[in-house]
Structures are given as C-alpha cells and as structure tokens.
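User: I am new to this structure and would be grateful for a close look at one part of it. Please describe the setting of the annotated binding site, and place it among the neighbouring features.

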Amino acid sequence: MTEVVRTYQEELGFLEKLTPHSWRIKKGFVKNMNVEGMFYVNEHLEKLMFDELRQFSNHKGVGGFLPGLKQIGNVAALPGIIHKSIGLPDIHSGYGFAIGNLAAFDMNDPLAVVSPGGVGFDINCGVRLLRTNLTEKDVQPVKEQLAQSLFDHIPVGVGSKGVIPMNAGDLEEALEMGVDWSLREGYAWAEDKEHCEEYGRMLNADPSTVSTKAKKRGLPQLGTLGAGNHYAEVQVVDEIYNKDAARKMGIEFPGQVCVMIHSGSRGFGHQVATDALVAMERAMKRDKIQVNDRQLACARIASKEGQNYLKSMAAAANFAWVNRSSMTFLTRQAFAKLFTTTPDDLDMHIIYDVSHNIAKVEEHMVDGHQKTLLVHRKGATRAFPPHHPLIPVDYQLTGQPVLIGGTMGTCSYVLTGTEQGMKETFGTTCHGAGRAYSRAKSRRNLDYMEVLEKLEAKGISIRVASPKLVMEEAPESYKNVTDVVDTCHAAGISKKCIKLRPIAVIKG
C-alpha cells in the first residue's frame, strides 16, 4: 500500500492551536494513531517545529530522521499508549521517538509495549546539581585553576577511562545497587541518596540480563564524563524566582556558587539499547506488532524481551547514578584541594539528581481512574508536584526540583513540579535546550576560535578534550533554553525557581 503524500498545507489541517503554548495533533496526521498528539511551544519554538515539517514535505527527511512532529504521531500509533503522545518545548528529531517526547503505556493492557527508542541510547542520561557556600567573589580569582583542577580530576572525552578502581565483580554489584554501591565504597554521602530520583537505585535491575559486551564497554568508564553534550559546569546563581523553594534547596542568595554535572551511562547504556533493539525486532515479527517506523522497535511489556529490557535498562540507570556519584566525589576532591578545606565545610551537598532518559512504572490518574503506567521519558524530566510520596521530605511543600541544563555558555535553570503537570504530562517537563541544528551543520557553519572567543568575552573559562565538540555544542546549535523554560512555566507544567549562569565549563 503506498503512503499518501500530502502537501505542507494539507499537513497543517491536522494541527490545531489550543492555547498560546500548546497544539493538538489530530488522528490521521500519520496512519494508525491510537491517541492524539500534542506539543508545547512558544512562537519562536513553533517556527522551528514547522520549518522542520516544511523541509520534510519538500525533501523527504532530514539526516535519516523524521521531523519531531511526525515522530510524535508515530509514537501515538504504538499499541497500548494512553492519553496522548506529548512533545515538550525542547523537542527535536531523535531515534524512533523524538528527543523531548513523552508517552505512557497501560501496564494492564496485554498489547502495551516498551520501546528502547522511547528511552534513548544514553540510558539515565541526567543532571545533578551540587551547592556550595562559596560566592562568585571567592571563585573569580581562582576560576582558571578551578577549571583546570576539575578537568584534571574528572576523565573526559570519548575514550576516557575512569579512575575509580573497578573489577568485574564490583561492576555487577554497582549495576544492582546503584548509589548504594557508591555509599558502601565511600564515594557518596548518606544524604546524597535522599536527593536522587528513585533514591539512586532501580530495584528491578538484573545484571544477568546484560550482555558481556555491554559490561566490557562499561567497566573502564565509571566516573567519566564522556563527550557530546555532557559537561561539568561551575555555575553562579543569577536570579531567584521562588525564594521559599530555593531556600529549601540551600540556595540563599544570588552569586552563590553551584556545580552541575550532566552525564549518563556511557558505552554501557548504548550497548544495552543496541542489544534490546536486535531482540525486539525478532519479537515484533513473532507477535505481529506493526509500527510506522522501524526505529520504534518494541516488545509487549509482559514478554520475555520486554521484561529483559526493563531489567537491563534499570541496570544501566544504576550505572549512570554510580557514574554521577563518582564524578561528584572527584568534584568534591577538586574543590577541597583548591580551597584547602573539606567538601563538608564547603557545604557541597546535592540539591537533586534527575534522569531525563528512562522508562518507569508509575501510578497516575487518567480520566478519573488510577492506572499503573510505564512512562517513557526521552529528553524529558520527571517533575512531581508538592506532597507527592516519591519526592524527598525536604521538597514536600515546594515540589520536586527539576534541573534544566543549558548549552555551553548559556544559563541553566532549576524548576519545580506542579499539579497541572501531573494532570497534563504525567508529572513531566522539558530537559534542556534541545538541538536546533544537527552536529554536521554546526561543524559546517561555526568557527572553533570564534566560539571560544565568545565564551571568553562572557567571562567563561573552558576546558575541552576535542575541538570539533566546541562547534557541535556551541549555543547557536541549540534552541534558546530560556524560551523552552518560559514555555513550560507559562503552560503551568513546571514553575521557574532559580536561574544559574556558567563561569567555568568542562567538556569531553
């Protein structure tokens, strides 16, 4: 059967603006949609979304990926999806699911599926924020030394190897225990665990479902930042929008210094995803599962392949939490050494640690009924509201802190979860800026030295392992993170709390 080819104008007939910040995607936009789609944008981000769709209508695909709007529609066609397929303001084309796409599947529907494309290759890529009691004045005179010290302590770049001693037996335990392993080995503080999503450990992790190849790739990489958009940043509190919520996080005044670490499960998570996609292609043939896009390979949640993926994905999530804990340990050491004191005296506590590439079983109200759902968040952050039982005691009155990383040289944000987000997006909001240009286009259009000079002009110290990354990760390659955050705030799915600006950046 040949696919109906529509003009760009005909495509627009399936899209309807609901509010100044949200759009509906009607059934029929792509074939077999089980639910409608929706996405959140403001007028700047809206233009990027529609330009991508227009380009697709003229040229049939960009760089092997479908435009984000088509991907939202294709996810809406997956078996067992409930409510809507949702695109967040930082959405951009990805493998299978768009990055910034959220979808929930009914655990009680025997046809419901789990799809690795809905989690991504960097399982539990996430962000962690540490506070300090230092001020910008304390750090400015030693900023270059601090940047160098962090760069020396934390292994960065594609082939980087960890400095945390690890053998095969340790890895098995780390995969099962997550932050509890770091705690036992002395690389984490007891209170770190309290301030991690899932308390830093997914209990359904089963290392026996993970391939030897994945373990081999992961073993040397614990405690490494990696490359791509991963970074460690020394940041300064620029603005506080909600003083009460900020105070609960230990943020007292503008000028206070924080450290943000953005990283994931490295080659280990990538291999887990790759292995699962191969197994699921076979399962789809056996169970006669139809999808609109081959990249949406999936398996019934209850099937052996579905369960094995969830157990190995949980092991990769635990790997990522151990990875961020190890880098936290190295960051605390770097600061303590430079300021000749202890991390404790510097008040280097974790504000929170969130994941933005994960699938988790959660309870949600849908149409007045409580349902057990498997929520896929890809390039999307959990944002639970005040009084939710799964967030720490400290944040019960304010809602869960949500960490939104900017791009190299631009600001980052801390948001808080809302009741409205719970109703509309399964307690989920954006995760960062979201790419505007592909990596190849960034390398073609940007000049290495020019990007570095702009960062220097902003007073930002940078240490980077690979020059080409500087172009790929330049602020111009991304959407404006303030646009993204303001859209979520205006739509009410999360609320602005703190704005942070970088003064030193460490990249792979």
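Analyst: A residue apart from the annotated positions serves as a starting point: aspartate 51 has a relative accessibility of 28% and therefore counts as partly exposed. Aspartate 51 belongs to helix 2, which covers residues 43-59. Its C-alpha atom is 9.4 Å from that of proline 67, and the two residues are separated by 16 places in sequence. This description, like everything that follows, concerns a predicted model.

The part to be examined is the binding site. According to the unreviewed UniProt entry, the annotation "binding site" covers Asp122, Cys125 and His230. These positions span 109 residues in sequence, yet no two of their C-alpha atoms are more than 10.9 Å apart, so they gather at one spot.

Aspartate 122 can be taken next. It is placed in the loop that runs between strand 6 (113-114) and strand 7 (126-135). With a relative accessibility of 16%, aspartate 122 counts as buried, since the limit for that class is under 20%. Beyond its neighbours within four places in sequence, aspartate 122 has contacts with His230, Gly264, Ser265, Arg266 and Asn357. His230, in this list of contacts, is itself named in the binding-site annotation.

Cysteine 125 is likewise in the loop between strand 6 and strand 7. Its relative accessible area is 6%, so cysteine 125 is buried. When residues up to four places away in sequence are left out, cysteine 125 touches His230, His262, Ser263, Gly264, Arg324, Ser355, His356 and Asn357. His230, Gly264 and Asn357 thus appear in the contacts of aspartate 122 and again in those of cysteine 125.

The sulfur chemistry of the model deserves a word here. A search of the whole structure yields zero disulfides. For cysteine 125, the nearest cysteine sulfur is that of cysteine 430, 14 Å away. Cysteine 430 is also in no disulfide, with the sulfur of cysteine 488 its nearest at 3.6 Å; a disulfide would need the sulfur atoms to be within 2.5 Å. Cysteine 430 is buried, at a relative accessible area of 0%.

Another annotated position follows. The unreviewed UniProt entry gives the annotation "active site" to His431. Histidine 431 is in the loop between strand 17 (428-429) and helix 14 (439-445), and its relative accessibility of 11% makes it buried. Among the residues it touches, not counting those up to four places away in sequence, are Asp90, Ile99, His356, Gly379 and Thr381. His356 is a link between the two annotations, as it is touched by cysteine 125 and by histidine 431.

Finally, Arg266, a contact of aspartate 122, leads to a pair of helices. Helix 11 (residues 266-287) packs with helix 12 (residues 304-338) at an angle of about 170 degrees, and their axes are 10 Å apart. That angle makes the two helices roughly antiparallel. On the side of helix 11 the contact includes Arg266, Phe268, Gly269 and Val272, and on the side of helix 12 it includes Glu305, Tyr309, Met313 and Phe319. The residues of this contact divide into 11 nonpolar, four polar and three charged.

How values were computed
Residues are numbered from 1 along each chain as its sequence is written. This is a predicted model: local features need pLDDT of at least 70, side-chain atom pairs count only at pLDDT 80 or more; totals for chains, interfaces and linings use all residues. Side-chain values use heavy atoms; hydrogens and water are left out. Buried means under 20% relative accessible area, exposed over 50%, partly exposed in between (1.4 Å probe, protein chains only). UniProt positions are given in the numbering used here, feature names are shortened, and annotations may be inferred rather than shown by experiment. Helices (H or I, at least four residues) and strands (E, at least two) are DSSP runs, numbered from the N terminus. Contact means heavy atoms within 4.5 Å. Axes are lines fitted to C-alpha atoms, for helices over the stretch in contact, and angles run from 0 to 180 degrees between N-to-C directions. Angles under 35 degrees count as roughly parallel, over 145 as roughly antiparallel, 65 to 115 as roughly perpendicular and the rest as oblique. Ala, Val, Leu, Ile, Met, Phe, Trp, Tyr, Cys and Pro count as nonpolar, Asp, Glu, Lys and Arg as charged, and the others, Gly among them, as polar.
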